[in-house]
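Biologist: Before I rely on the labels attached to this structure, I should like to see each one justified. May we take them in turn?

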Amino acid sequence: MLSFPTPSVYQSSKCFVTYGVMGHLDPNQPPTKSKPWSTVAGQDFINRVELIIPQDAFEVVRKILNEKAAPEFQRVVMSLHDVLSGDFFTECIKKGNVMMLSEGRKGIDNVFTFRNGILTMLLDKEAYERAGLVGKPDGVKGKRGLKPRWVVEIDLTSSSMVPGKKGFDRLIYASKNAFNTPVTWLFCNLSSTIPNPDPLAPHSPTRCAAEPSVLENLDAMLPTLKPPVDAIGPEGREELQYFSTELYEWLSLVRLQSPRIQVGDQVDPYLCRYQVPGDGQQGKICKLTWQGFLAPSWCREILLSLVAELPSKTWFSFSTTTFSKGMAGDNSEISLFRAQGAPGEYLMWEIKSHE
């Protein structure tokens, strides 16, 4: 008999670290299947993107951003039946070129998502039974806590998902009877073109643009920004672990705008014993932040531009954070760091929250 751990909202997230070398970057044929590109493109429902660079690289980044439009998303109130009917379904959902996320907290409320034409429904037991759809338990069977939850996944790009087919008609029936309450959605169009007429227009969406917020000329104490020489290989594994842990901690403090990394910080060691690792080097850094409902394809394009346009020996950190998952409100995150003075070398941290 297998022994499963008792479910708990306090189960910690897991961090996976990758140290590697980026291959040659061809602007005409950007990579898609290798790390770190596939990892960034595979993340879903990104809420925040953060970029940390040395101050002297800001003009190059400003030029990159001026050549690209700010990422846009929309907020709209629709019922599930509205999403699954009319031109909106055929032009947006059926083609699989949009992302949608409904209001609600995963693990507590009923939440609906659309990505790549796949409808995912995270339901409590009562809603699942009223819907009459086929799903699977959310979590280890028999160990789902006091309030069991269910997951229903339906591929709406399938040829069988059309009016008149039994499976689709059952879904329409559930949307009319079990999920007929209008909810607020975040909507992101992954296609470069918008159908004419726009099928979203009749629902009066609120259009939003995720303009970056910029913090310049931050006087900071800098850690060692180059991995140890013998990081590759079994003998350097422990040294790489210490380096990656210390560097990720410093980058996290920069993202939090903590005064602990600022030049001249003199906090009482009784309150905080943190010290920036390294030889006490000082420098000016810049932090850019985008927040909204961001497409993974846009994040990948920005990362490709940074690698191609910034000088090869310039370091930078690029982080993407998803919307919260589960009852504890944890997020999944990807942080990529290109090392200083080591062209092509990178560290990537993948934080996977417990769902």
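Modeller: The discussion below covers salt bridges, burial and the packing of two helices. This is a predicted model, in which local features need pLDDT of at least 70, side-chain atom pairs count only at pLDDT 80 or more, and totals for chains, interfaces and linings use all residues. Residues are numbered from 1 along each chain as its sequence is written, and side-chain values use heavy atoms, with hydrogens and water left out.

Biologist: What makes the contact of R255 and E50 a salt bridge?

Modeller: The term requires a side-chain nitrogen of Lys or Arg within 4 Å of a carboxyl oxygen of Asp or Glu. R255 and E50 have an N to O distance of 2.7 Å, so the pair meets the definition. The structure holds 11 salt bridges.

Biologist: Where in the chain do R255 and E50 lie?

Modeller: R255 is in helix α7 (residues 237–255) and E50 in strand β2 (residues 46–54), 205 residues apart, and the pair thus links distant parts of the chain. Helices (H or I, at least four residues) and strands (E, at least two) are DSSP runs, numbered from the N terminus. R255 and E50 also belong to a network of salt bridges with R48, K287 and E333.

Biologist: Why is R255 called buried?

Modeller: Buried means under 20% relative accessible area, exposed over 50%, and partly exposed in between (1.4 Å probe, protein chains only). R255 has 12% relative accessibility, so R255 counts as buried. E50, at 5%, is buried as well.

Biologist: How do you know whether E59 and R62 are buried or exposed?

Modeller: E59 has a relative accessible area of 51% and is therefore exposed, while R62, at 35%, is partly exposed. E59 and R62 form a salt bridge, with their closest N and O atoms 3.4 Å apart. Both lie in helix α2 (residues 58–66), three residues apart, about one turn of the helix.

Biologist: Why is α2 called oblique to α8?

Modeller: The axes of α2 and helix α8 (residues 296–309) are 11 Å apart, at an angle of about 135°. Axes are lines fitted to C-alpha atoms, for helices over the stretch in contact, and angles run from 0 to 180 degrees between N-to-C directions. Angles under 35 degrees count as roughly parallel, over 145 as roughly antiparallel, 65 to 115 as roughly perpendicular and the rest as oblique. The angle of about 135° falls in the remaining class, which means that α2 is oblique to α8.
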